[in-house]
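Visitor: Could you take me through one part of this fold up close? I'd like to hear about a helix and the things it packs against.

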Amino acid sequence: MFKIKKIENKTVYYSDILPVEHFFTTRELEIKENLDLISNYLSIKKENLIKPNQVHSDNVEIVEINKKEYPNCDGLILDKKDVAIYLNFADCTPVILYDEKNKIASIAHAGWRGTAQKIAQKTVLKMQKMFNSNPKDIIAVIGPCISFEQFETYDEALNQLKNSVLNQNGLFKNNFADLKGINKRQLEEIGIEKIDICPFCTVLDNDKFFSYRAENKTAKRHSALIKLD
């Protein structure tokens, strides 16, 4: 279940099934404009707030000490303390993953292209390969994004999204696609059982979150962040 907490009187949301520090920011707290506030809250150095250069790819990298730039990257895996990772969103789907056994965290940026390329699933596979993560030990949290009833798209995108899941049941209607549901199905299809899904839609709940579609291609972004304890 998603719940509210405050950072300096600014609203953020978190999932109560995830046992490490994480949150999804709102319109009240753009991270790029509040780096000092966020770093102080997390008790880390500002330079240890790591964000990749998101380009709607399916590339996933592991965070390295002293490496600050992650070009052409839409997923980060974190195995270090005293560092936090965050990715930015405005209609695309944030997917936070946490391996309870091995204490490994990750965030994937799944717009429709990333979803079609199965970036969340590929992030899990990389966690398996590099850290021996077992999907049964992974908690997944799917954050605020555009909802099923608001995400109307074109035939080519629909076909790519349909091809990204084995079971399409309930995920498509006419030219609409359920990005949260597709990401959930992809994770279920590789064995993840613990999944929490945010109820908010970035279009319908535009008072809380930024929306690329609803706000004429806004450059403003809310974020998903996680830090290992």
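Guide: First, a word on angles: axes here are lines fitted to C-alpha atoms, for helices over the stretch in contact, and angles run from 0 to 180 degrees between N-to-C directions. Keep in mind too that this is a predicted model.

With that settled, let's look at α3, residues 119-131. Its helix neighbour is α5, residues 179-188, and the two pack at an angle of about 30 degrees with their axes 8 Å apart. Angles under 35 degrees count as roughly parallel, so α3 is roughly parallel to α5. The crossing of α3 past α5 is right-handed. As for who meets whom, Ala120, Gln121 and Val124 are the α3 residues, and they meet Asn183, Gln186 and Leu187 of α5.

Now for the sheet involved. It's an open one with six strands, ordered β5-β6-β9-β8-β10-β13, and the pairing is mixed. β5 (60-62) and β13 (194-197) are its edge strands, each pairing on one side only. On average, neighbouring strands in this sheet are turned by 15 degrees against each other, ignoring direction. Helix α3 packs on this sheet and touches β5, β6, β8, β9 and β10, with its direction at about 155 degrees to that of β9. At the β5 edge, β5 and β6 run parallel and are joined by three bridges; there, glutamate 61 sits opposite leucine 76 of β6.

Several strands of this sheet also feed the largest nonpolar core, which has 28 residues; Leu18, Ile85, Ile96, Ile107 and Ile226 touch the most other members. Each of β6 (75-78), β7, β8 (93-99), β9 (104-110), β10 (138-142) and β14 (222-227) supplies at least two residues of that core. The largest share, three residues, is from β7. Isoleucine 85 shows how the pieces come together: leaving aside residues up to four places away in sequence, it touches Ile50, Val63, Leu76, Leu78, Ser106, Ile107, Ala224, Leu225 and Ile226. Apart from this core lies another, of 19 residues, including Ile77, Leu97, Ile104 and Ala110.

β7 itself belongs to a six-stranded open sheet with the order β1-β2-β3-β14-β7-β4 and mixed pairing. Here β1 (2-7) and β4 (49-50) are at the edges with a single partner strand each, so one side of each has no neighbour in the sheet. β4 pairs with β7 (residues 84-89) in the parallel sense over two bridges, and leucine 49 has alanine 84 of β7 as its bridge partner.

Notes
Residues numbered from 1 in each chain as written. Predicted model: local features only at pLDDT ≥ 70, side-chain atom pairs only at ≥ 80, totals over all residues. Heavy atoms only, no water. Pairing = 2+ DSSP bridges. Helix = DSSP H or I, 4+ residues; strand = E, 2+ residues; numbered from the N terminus. Core = buried A, V, L, I, M, F, W, Y, C linked by side-chain atoms within 4.5 Å. Buried < 20%, exposed > 50% of the residue type's maximum accessible area, 1.4 Å probe, protein only. Contact = heavy atoms within 4.5 Å. Parallel < 35°, antiparallel > 145°, perpendicular 65-115°, else oblique. Left-handed = near helix turned anticlockwise from the far one by under 90°.
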